[in-house]
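Visitor: Please show me the structure, and then let us discuss a few of its local features.

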Amino acid sequence: MGRFLSVLIPLLLLFLTHHAQPVISLPLSTDSRWIVDVQTGQRIKLACVNWVSHLEPVVAEGLSKQPVDKISKQILSMGFNCVRFTWPIFLAIDDSLASLTVRQSFESLGLTEAIAGIQVNNPSIIDVPLIQAFQAVVSSLGDNNVMVILDNHISKPGWCCSSSDGSGFFGDQYFNPDQWIQGVSRIATMFNGVKNVVGMSLRNELRGPKQNVNDWYKYMQKGAEAVHAANQNVLVILSGLRFDTDLSFLKNQPTSLTFTQKLVFEMHWYSFTDGEVWESGNPNQVCGNVVNRVMRSTGFLLQQGYPLFVSEFGLDQRGNNVKDNRYLNCFMGVAAELDLDWAYWPLVGSYYLREGVIGFNEYYGILSWNWVGIRNSTLLKKISALQSPFQGPGLAESKLHKVIFHPATGLCIQRKSLLEPLRLGDCSESEAWSYTTQNSLVIKGTYFCIQADELEKPAKLGVICSDSNSQWEIVSDSKMHLSSKLSNGTSVCLDVDSSNTVVINTCKCLSEDNMCDPASQWFKLVDSTRSSSVAKPFLSDFTIHDGLGSLVERI
């Protein structure tokens, strides 16, 4: 028993070390391109979900379906550490709206069934003013250790967004700049001292015919200063033009603000951001072109030393939308490679009222229509790979290395032993790989590299890493194919079969064919300083310290 415990206890400690949730000391700050814990300096990665509260009822969606505490707990249980919580500016500047009770708001819209549901699930808020109901949701999230980013989504309550809805840009029908600054200041003041409110997103998706760079600088900087003056704890998050896809003007003229270490920029990225190209074009070429656009329009800010928050991405979770499926695989590769902060759109399973439809079913939503179950557990598992940081300040658990990330599954290449084929598995259990100057993929601290021995057979680990079948070039416009040559000169690519075994196959979709799907062959070499959560002692007998002769002899 003593020997058993001596082995068990270290293993339990190892498990707890890698699976315990980090303790976050709020508020947050910035350190170059990273968002960090202000006390420890350790990176805090925002892995958020959008919770909508800006539609006509001006009440957080779903409260007629489930108790707010249950929803808050479910958010945390799904691996999200924060909520981007939307609100309309009229809630802050129109006292007659803010003072309406939840019941009165729903009665004015004829939503009697929703009233009955809130009375059952959240009776404590049914007769409180809308602004207090909004505060109650933030409080519930805080009680469950979920951070909140308050997002001013629109001015007049309703669905967002179009270029002609009167809320697109400063000077539009419902977008008075002075009232907007007054509104964001009031909300910043209201939540000053509310510990889990860590950021304020000043305005969602600036758009429409009036948008221009000069007014962006004039009013966004005024708004930023006003929010910071009212609440110095929160991150100040600024959006760009063209539905939050364009911040390119900042290349030549950075913002001029009086405060530092609180500024974050945000962007949105959907399949429809780029029209129909995901369906009509070759996926490799489209992914390469779209990523180049993203880096030119927003991604360059990372190199300039600013955090970039993808505050909206999402897709139709029914799984039959070709554009969405192709886009997501490309997005996953970029989000992993850049280790981006992000917020999935949306949490919402259904809406009280959206665009005139009562009980509108949200097919992008994480939750099911009745807010009980998960709409698509495969998708949730896939994006869960992005919930933990790969690197950043204070996360030097191991030396810098690569993990080989598979965007289509959200998994990474790992090995169980030398006698078993390489397979995909949880990225927290991945090997530490190096990508050498000779283009070999080597397990760090060993002589072992990935080899392509035979077409349609599993990839292997070997110790002869100078031959062509051990050299892997990153090819295709997507920069996600890993290609090698067999001994007979045939070009091949890493692939994954239906059992998640890493295999060698003919490269797919390198031509202009728009009907093929290269997703199984897409891999990203992602920088990481995160150590594996699983000890793999089998290779410890074959380290570089043993010498190559001893190594070959023992194999």
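The questions and answers that follow concern a predicted model.

Visitor: What end-to-end distance do the C-alpha atoms of helix α7 have, and what span is expected?
Guide: Helix α7 covers residues 130–143, which is 14 residues. At 1.5 Å a residue, it should span 20 Å, and this agrees with the distance between its end C-alpha atoms, 20 Å.

Visitor: Which residues of α7 are buried?
Guide: An α-helix has 3.6 residues a turn, so residues three or four places apart point the same way. The buried residues of α7 are Leu-130, Ile-131, Ala-133, Phe-134, Val-137, Val-138, Ser-140 and Leu-141.

Visitor: Which residue with a positive phi follows α7?
Guide: The phi in question is near 60°. The residue that follows α7 with this value is Asn-145.

Visitor: Is Thr-101 buried or exposed?
Guide: Thr-101 lies in the loop between α4 (95–98) and α5 (102–108). Its contacts beyond four places in sequence are with Ile-126, Asp-127, Val-128, Pro-129 and Leu-130. Because its relative accessibility is 14%, under the 20% limit, Thr-101 counts as buried.

Visitor: With which side chain does the side chain of Asp-246 make a polar contact?
Guide: Asp-246 is placed in the loop between α10 (241–244) and β8 (263–268), and at 11% relative accessibility it counts as buried. Leaving out residues up to four places away in sequence, Asp-246 touches Gly-240, Leu-241, Ser-297 and Thr-298. The polar contact of its side chain, at 2.6 Å, is with the side chain of Arg-242.

How values were computed:
Residues numbered from 1 in each chain as written. Predicted model: local features only at pLDDT ≥ 70, side-chain atom pairs only at ≥ 80, totals over all residues. Heavy atoms only, no water. Helix = DSSP H or I, 4+ residues; strand = E, 2+ residues; numbered from the N terminus. Expected span 1.5 Å × (residues − 1). Buried < 20%, exposed > 50% of the residue type's maximum accessible area, 1.4 Å probe, protein only. Polar contact = N/O pair within 3.5 Å; in protein donor to acceptor, adjacent residues only side chain to side chain. Contact = heavy atoms within 4.5 Å.
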